[in-house]
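Please open the model in your viewer and keep the sequence panel beside it, since this tour moves from the whole chain to a few chosen places.

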Amino acid sequence: MELPIWDPIKHLPNALIVNVGDMMEIVSNGVYKSIEYRAVVNSNKKRLSLATFNIFNLDSKLGPAHSLIGPHNPAKFRSVRVEIFLQEYFARKLDGKSFIDCMKLEMKDDES
């Protein structure tokens with residue numbers, strides 16, 4: 001397995017950085033990209049990290065928002081019930097971001 005290369009993020013002073021997860025990437029049809037977050041300890045500067053998690057109703061459907069898909073912007077991800085998504089997500093092997101890849105739909109050559 002090839003190890004990822006981590007790039008430091010250049011940010012504005014006093015800025016708030018928001019990292020979104022796989023569910024938001026799916027709902028936004030790929031407009032917002034989920035990331036693999038890694039923090040590096042810095043003994044010279046203070047930093048505050050706060051993790052919050054929001055999950056949709058388990059019976060609701062997870063997929064690209066209808067307002068973001070159409071004839072010129074097809075869905076890039078399949079739709080599934082949130083409960084199924086979470087079951088598949090937590091059953092996967094720890095192998096990078098492979099789970100979001102299994103949610104992607106096959107794109108035709110003229111759609112890519």
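## From the surface inwards

Begin with the surface of the whole protein, which in this predicted model exposes about 9,800 Å², with carbon and sulfur atoms supplying 57% of that area. Buried residues make up 17% of the 112 residues in the protein.

Next, switch to a cartoon view, where the secondary structure comes to 3 helices and 2 strands, and follow the chain along its sequence to read the pattern α-β-β-α-α. If you display contacts between residues with a separation of 6 or more, 56% of them join residues that are 24 or more positions apart.

Now select helix α2, residues 82-91, and show the side chains of V82, F85 and L86, which are the buried residues of this helix. Turn the view until you look down the axis of α2: its buried residues fall within an arc of 95 degrees, so they line one face of the helix. To see what covers these buried residues, add the elements around them, including α1 (22-27), β1 (61-62), β2 (80-81) and α3 (98-103).

From there, move to E25, which lies in helix α1. Which residues does E25 touch, not counting those up to four places away in sequence? Select G30, Y32, K33, S34, F77 and I100, and you will have them on screen. E25 is buried yet has no salt bridge, and the nearest side chain of opposite charge, that of K33, is 4.4 Å away; the cut-off for a salt bridge is 4 Å.

How values were computed: Residues numbered from 1 in each chain as written. Predicted model: local features only at pLDDT ≥ 70, side-chain atom pairs only at ≥ 80, totals over all residues. Heavy atoms only, no water. Buried < 20%, exposed > 50% of the residue type's maximum accessible area, 1.4 Å probe, protein only. Helix = DSSP H or I, 4+ residues; strand = E, 2+ residues; numbered from the N terminus. Arc of directions from axis to C-beta. Contact = heavy atoms within 4.5 Å. Areas by Shrake-Rupley, 256 points an atom, 1.4 Å probe, with all protein chains shown as cover. Lys, Arg positive; Asp, Glu negative; His and termini not counted.
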